[in-house]
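Student: I'd like to go through this one with you, residue by residue. Can we put it on the screen and start with the cysteines?

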Amino acid sequence: MQEKKLWGGRFSESTDAFVEEFTESISFDKELALYDIKGSIAHAKMLGKQGIIPQEDAEKIIKGLQEIEQEIKENKIAWKKEFEDVHMNIEKALTDKIGEAGGKLHTGRSRNDQVITAFRLYLKENTQDIINLLEDLQRKLLEKAKEYIDIVMPAYTHLQRAQPIRVAHYFLAYLEMFQRDKERFIDNLKRIDMLPLGSGAVAGVDFPIDREYVAKELGFSQIMRNSIDATSSRDFALEFLSNCAICMANMSRFSEDMIIYSSSEFSFVELPDKLTTGSSIMPQKKNPDVLELIRGKTGRVYGNLVSLLTVVKGLPLAYNRDLQEDKEPVFDSVKTIKGSIIGIAKIVEGLKINKEKTQLAAGGFALATDLANYLAEKGVPFRQAHHIVGSIVGYLVNQGRELESITLEELKQFSPLFEEDALKLLSPFVVADRRKSFGGTAKEQILFQIEYWDKILNK
């Protein structure tokens with residue numbers, strides 16, 4: 001016979017090898033090992049404090065768990081599939097180490113509340129890591145905004161040149177987007193930071209446990225109020241995966257921008273050599289592989305969200321083994337989003353703007369809106385002014401000319417209201433700095449925003 005399962009008292013047959021292979025989770029949930037030990041130490045302390053188990057047994061358990069923790073850190077633990085998951089592996093290792101007292105650790109708890117406690121501890125730590133990484137990325141975007149405040153580029157709509165902006169305004173746009181991502185993760189922490197331990201399998205615990213003590217030991221700010229909800233809900237993980245998906249979407253958009261802007265057709269930015277790769281056949285190539293992988297990995301993070309949504313959509317209360325499928329999507333998303341944020345931050349830190357290219361592209365017909373506004377300021381209805389300037393654009397396009405080449409005499413052919421001062425609008429810097437509304441691209445507004453973010457990010 002195989003070694004008896006820790007839960008095997010009710011069974012007369014050994015577990016089929018297929019079942020062991022199919023149901024095991026140790027191959028991936030060993031990621032939770034240190035969090036499981038942290039939860040178990042707190043639980044053991046509480047059991048001893050409450051007199052639920054003898055104090056000397058509690059001390060043996062804690063010492064044994066600390067030794068196992070060190071073995072895990074030194075990669076000396078042999079994880080076994082026959083013990084199914086990380087929690088049972090650790091309990092078996094503890095019993096082997098300290099004997100019968102190890103079996104008392106599971107008094108007053110179930111794997112159901114044990115598993116979800118370790119999972120929440122894992123997500124608390126990793127969510128905070130992601131928040132810190134996003135803040136570091138924001139600081140790098142802020143520094144780039146400061147560096148390139150006096151360079152202009154075209155802003156795009158429909159991937160067509162729209163209006164000139166200062167390059168700093170572009171970087172601040174992504175800083176704002178990542179701020180909202182950060183805030184979503186911060187808000188998510190409120191719902192992750194809730195202690196489920198003490199809920200038992202589904203109905204609570206019939207021992208005089210002290211959940212407040214355990215919550216304090218583990219650093220949870222709240223205690224879950226319903227044992228059914230505590231063991232069966234995964235909405236906090238769904239929210240986390242949703243936040244990851246949105247954040248990856250924002251990073252994918254930035255990646256797409258940089259891929260386009262670094263192409264020979266644009267040449268707006270130069271990516272750092274150390275963050276690009278070459279071609280096996282074409283010597284001239286400098287490929288933006290990091291950015292392309294971030295763009296590609298966004299799809300897998302979307303998939304992780306859909307995967308868990310699909311798992312939970314039809315589950316009856318309370319715990320079901322389907323919920324074992326909650327770990328891998330989360331683990332994968334954590335690894336993917338952390339790597340992606342680090343990658344974007346390195347790209348931002350090392351990229352250089354091609355001043356000549358961006359400023360050349362910021363002129364031309366990107367200045368047309370301000371000619372229409374000029375006429376509107378003279379009392380011409382904007383729709384009529386729009387039509388007049390559209391005619392000017394068509395006139396120049398037919399001659400293969402840019403807007404800066406037009407003369408005052410030519411302008412007057414389209415409207416007698418054009419005066420010498422209209423020609424001053426044919427500068428991307430002048431046009432950009434006319435956008436003085438709050439949130440606009442005028443230098444004075446950008447300096448105001450930089451000062452604001454300096455206080456927020458560098459306090």
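Tutor: Sure, and keep in mind that this is a predicted model. Ask away.

Student: How many disulfides does the structure hold?

Tutor: A disulfide needs two cysteine sulfur atoms within 2.5 Å. Take Cys244: the nearest cysteine sulfur belongs to Cys247 and is 7.4 Å away. Over the structure, the number of disulfides comes to zero.

Student: Why is Cys247 not bonded to its closest cysteine, and which residue is that?

Tutor: Look at the gap between the sulfurs, which is 7.4 Å. That is too far for a bond, so Cys247 stays unpaired with the closest cysteine, Cys244.

Student: Is Cys244 buried or exposed?

Tutor: The cut-off for buried is under 20% relative accessible area. Cys244 has 0% relative accessibility, and Cys247 also has 0%. So Cys244 counts as buried.

Student: Which residues does Asp181 touch, leaving aside those up to four places away in sequence?

Tutor: Start with where Asp181 sits: helix α7, residues 167-192. With 1% relative accessibility, Asp181 counts as buried. Leaving out residues up to four places away in sequence, its contacts are Leu134, Ile246, Cys247 and Asn250.

Student: What distance separates the C-alpha atoms of Asp136 and Leu457?

Tutor: Asp136 belongs to helix α6, which covers residues 111-147, and it is partly exposed at 29% relative accessibility. Leu457 is 321 residues from Asp136 along the chain. Even so, the separation of their C-alpha atoms is 8.7 Å.

Student: On to the strands. In what sense do β1 and β2 pair?

Tutor: Follow the partners: Val152 bridges to Arg166 in β2, and Met153 stands opposite Ile165. β1 runs over residues 152-157 and β2 over 160-166, with six bridges between them. The sense of the pairing is antiparallel.

Student: Which residue in the turn of that hairpin has a positive phi?

Tutor: There are two residues between β1 and β2 in the hairpin. The one to pick out has a phi of about 60° and is His158.

Student: Glu84 has a positive phi too, so to speak; what value is it near?

Tutor: Glu84 is in the loop between α4 (55-73) and α5 (86-98). It counts as buried, at 7% relative accessibility. Its phi is positive although the residue is not glycine, and lies near 70°.

Student: And what is phi of Ser267 near?

Tutor: Ser267 is found in the loop between α10 (235-261) and β5 (269-270). With 22% relative accessibility, Ser267 counts as partly exposed. Its phi is again positive in a residue other than glycine, near 55°.

Student: Is the peptide bond from Leu317 to Ala318 cis or trans?

Tutor: Ala318 has its place in the loop between α11 (289-312) and α12 (327-350). Omega for the bond from Leu317 to Ala318 is near 10°. That bond is cis.

Student: Now the charged pairs. How many salt bridges does a search of the whole structure find?

Tutor: One of them joins Lys190 to Asp187, with the closest N and O atoms 2.7 Å apart. There is also a network of salt bridges that links Lys63, Glu67, Glu71 and Lys97. For the whole structure, the search gives 38.

Student: How many residues apart are Glu135 and Arg139, which form a salt bridge?

Tutor: Their closest N and O atoms are 3.1 Å apart. Both residues are in helix α6, where their spacing amounts to about one helical turn. Glu135 is partly exposed at 24%, as is Arg139 at 30%. The spacing along the chain is four residues.

Student: What is the N to O distance in the salt bridge of Asp210 and Lys49?

Tutor: This pair links distant parts of the chain, 161 residues apart: Asp210 is in the loop between β3 (194-195) and α8 (211-218), and Lys49 is in helix α3 (residues 33-49). Asp210 counts as buried at 19%, whereas Lys49 is partly exposed at 40%. From N to O, the salt bridge spans 3.0 Å.

Student: Last one: which residues make the nonpolar surface patch of about 330 Å²?

Tutor: One member is in helix α1, residues 17-23, and counts as exposed at 62% relative accessibility: Phe22. The full set making the patch is Phe18, Val19 and Phe22.

How values were computed:
Residues are numbered from 1 along each chain as its sequence is written. This is a predicted model: local features need pLDDT of at least 70, side-chain atom pairs count only at pLDDT 80 or more; totals for chains, interfaces and linings use all residues. Side-chain values use heavy atoms; hydrogens and water are left out. Buried means under 20% relative accessible area, exposed over 50%, partly exposed in between (1.4 Å probe, protein chains only). Patches are made of residues with over 30% relative accessible area and no salt bridge: like charges are joined within 9 Å, nonpolar side chains (Val, Leu, Ile, Met, Phe, Trp, Tyr) within 5 Å. Accessible areas come from the Shrake-Rupley method with a 1.4 Å probe; for residues, only the protein chains shown count as cover. A salt bridge is a side-chain nitrogen of Lys or Arg within 4 Å of a carboxyl oxygen of Asp or Glu. Contact means heavy atoms within 4.5 Å. Two strands pair if DSSP finds at least two bridges between them.
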